[in-house]
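Please open the model in your viewer and keep the selection tool at hand, as each stop below begins with something to select.

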Amino acid sequence: MPPLFTKRLTCPACTLLCDDVDVSALEAVDCPKAQSFFQIEVAKDFVHHVDGKPAGLESSIQAAVELLQHSRAPLVCGLENLTTQSQQVAWKIAERSRATLDTTMTNGGRGSIFSLQRTGKVTATLGEMANRSDVIVCWFCDPVKTHPRLLERLSKPGVSNRRILVIDDSDTSKASRLGEHVYVERENAAAVLAILRALLVGIQIESDRILETTGLELSQLESLLDVITSAKYGSIIYGQLQGNSAFDLVTDSLALLIRELNDKTRFVGMKLRTDLNAQSAENVLAWSSGYPFAVNFSRKYPRFNWLEYSAETVLSRGECDAVLLATGVDWQSSVSGLSQAAREQLETIPTVAISPVGNCPADISIQVGIPALSQTGEYCRNDDVSMPLRSVQKPEATTAESVLGAILTAIS
Ligand code: SF4
């Protein structure tokens, strides 16, 4: 099928959503992730299955509707890499069917949201960071690997004296080649942040104690703080270190450091997210139910209790009897973050998969278009700016949004 658009396409392969991709000269795009994404072959004919047998779209949707109607405790989950519009329909299905709804398939990676609830956050758009930052700190993240064009996006023509500090525990990360590298052991990260916060407000700490808890000399931390506080405007780009999102002390401590740095100069922070468009799903849920993820509608009103209603928790505890997984990736990638217990439970209950990849190992598998390749819609950029996606090909009629919409109409 000839392409509909070839230029100025928005790339959804990472959360930066670069909007200048030209697929007619893909080799010139300086990003391996974008090159792989735009070379994905879009299926010509979609395949749908019910109980392992080929089925038409309508009968597959009807089977999914019946499954939801007969379920006492359904789980609606996935939502990564779906357009904002599809995510909006998914939460309405969850509300109508009194389901549990979650935005990703792991309990990890949500530290910044719990931290936002506890401490707030000081942040900015990518444009503001690019225009104003004279110091950029990469804290335990490797943007070259995960977001290949981030530093290009943050660079400003004509500005060459910007300092980039890379703080992590890897000498081999590609990011460590971008600027001055400070080696910090992962287990010492919280201590380093605590000492930086103490030094910032002039608290004296014995140098032996600092060396023991951080692995760094007092002079190293003082010069690090000097670089940070000498910035007129600084940006800290960070990754999540701790697996337990609910008690992520490092992210809390980093959020507090960023806030306290604003007593001396201007500093902002931004978590470098890798869960594709889950941020949009969190916004949809927060605006509609009041909670960003892991919401339970079994009592007809939304309930949230940290990770009690997350997909991982509900599955591993056997607290759901049917699953509707709507995702923009394949089944295996979507469920790969689940624990063994959660995956075992997934195999014992009826499942519906709505995915761009056909033949998902689910009782009902419905194949749909791929956002940006054969579907339009909106995505949320890493800095919370919504962006429209154009479609390379003429958009498909069968999309996650249309299938979810048909299910919603049938159960309403
Ligand atoms: S940096 Fe991310 S959004 Fe930009 S072109 Fe590469 S993969 Fe796409």
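Begin with Leu 199, which is partly exposed because 19 other C-beta atoms lie within 10 Å of its own, and keep in mind throughout that the model is a predicted one. Leu 199 belongs to helix H8, and, once its neighbours within four places in sequence are set aside, Leu 199 is in contact with Leu 221, Glu 222 and Leu 225. If you then add Ile 113, which is 86 residues away along the chain, you will find the C-alpha atoms of Leu 199 and Ile 113 separated by 27 Å.

Staying with H8, select residues 189-200 together with helix H9, residues 207-214, and look along the two axes, which come within 8 Å and cross at roughly 150°. The contact is formed by Ala 191, Val 192 and Ile 195 on the side of H8, and by Ile 210, Thr 213 and Thr 214 on the side of H9. By character, the residues of this contact divide into 4 nonpolar and 2 polar, with no charged residue.

Next, colour the chain by domain, with domain 1 covering 42-109 + 276-411 and domain 2 covering 111-271. The C-alpha centres of domain 1 and domain 2 lie 35 Å apart, and where the domains touch, 10 residues of domain 1 are in contact with 8 residues of domain 2. On the domain 1 side of that meeting, the residues divide into 4 nonpolar, 4 polar and 2 charged.

Select helix H3, residues 84-96, whose 13 residues reach 19 Å from the first C-alpha to the last, close to the 18 Å expected at 1.5 Å a residue. How many of the 13 residues of H3 are buried? The helix is mostly covered, with 10 of them buried, and among these are Gln 85, Gln 87, Gln 88, Trp 91 and Ile 93. Just after H3, stop at Arg 98, where phi takes a positive value of about 55°.

Two further residues deserve a look at their backbone angles. Most residues other than glycine have a negative phi. Phe 140, which is not a glycine, nevertheless has a positive phi of about 50°, and you will find Phe 140 in the loop between strand E5 (135-139) and helix H6 (143-146). Phe 140 counts as buried, because 22 other C-beta atoms lie within 10 Å of its own. Asn 277, also a residue other than glycine, has a positive phi near 60°, and its place is in the loop between strand E9 (266-271) and helix H12 (278-289). Asn 277 is likewise buried, since 28 other C-beta atoms lie within 10 Å.

Now move to strand E6, residues 163-168, and pick out Val 166 within it. Is Val 166 buried or exposed? Val 166 is buried, because 26 other C-beta atoms lie within 10 Å. Show Leu 178 as well, for although Val 166 and Leu 178 are 12 residues apart in sequence, their C-alpha atoms are 7.7 Å apart in space.

Finish at the ligand and display the 13 residues around it, of which Cys 11, Cys 14, Cys 18, Cys 31 and Arg 149 come nearest. Colouring this shell by residue character will show 10 nonpolar residues, 1 polar residue and 2 charged residues.

Technical notes
Residues numbered from 1 in each chain as written. Predicted model: local features only at pLDDT ≥ 70, side-chain atom pairs only at ≥ 80, totals over all residues. Helix = DSSP H or I, 4+ residues; strand = E, 2+ residues; numbered from the N terminus. Expected span 1.5 Å × (residues − 1). Buried ≥ 20, exposed ≤ 12 C-beta atoms within 10 Å, placed from the backbone. Near = placed C-beta within 6 Å. Nonpolar A, V, L, I, M, F, W, Y, C, P; charged D, E, K, R; others polar. Axes fitted to C-alpha atoms, helices over the stretch in contact; angles between N-to-C directions. Contact = placed C-beta atoms within 7 Å. Domains from an automatic or database assignment.
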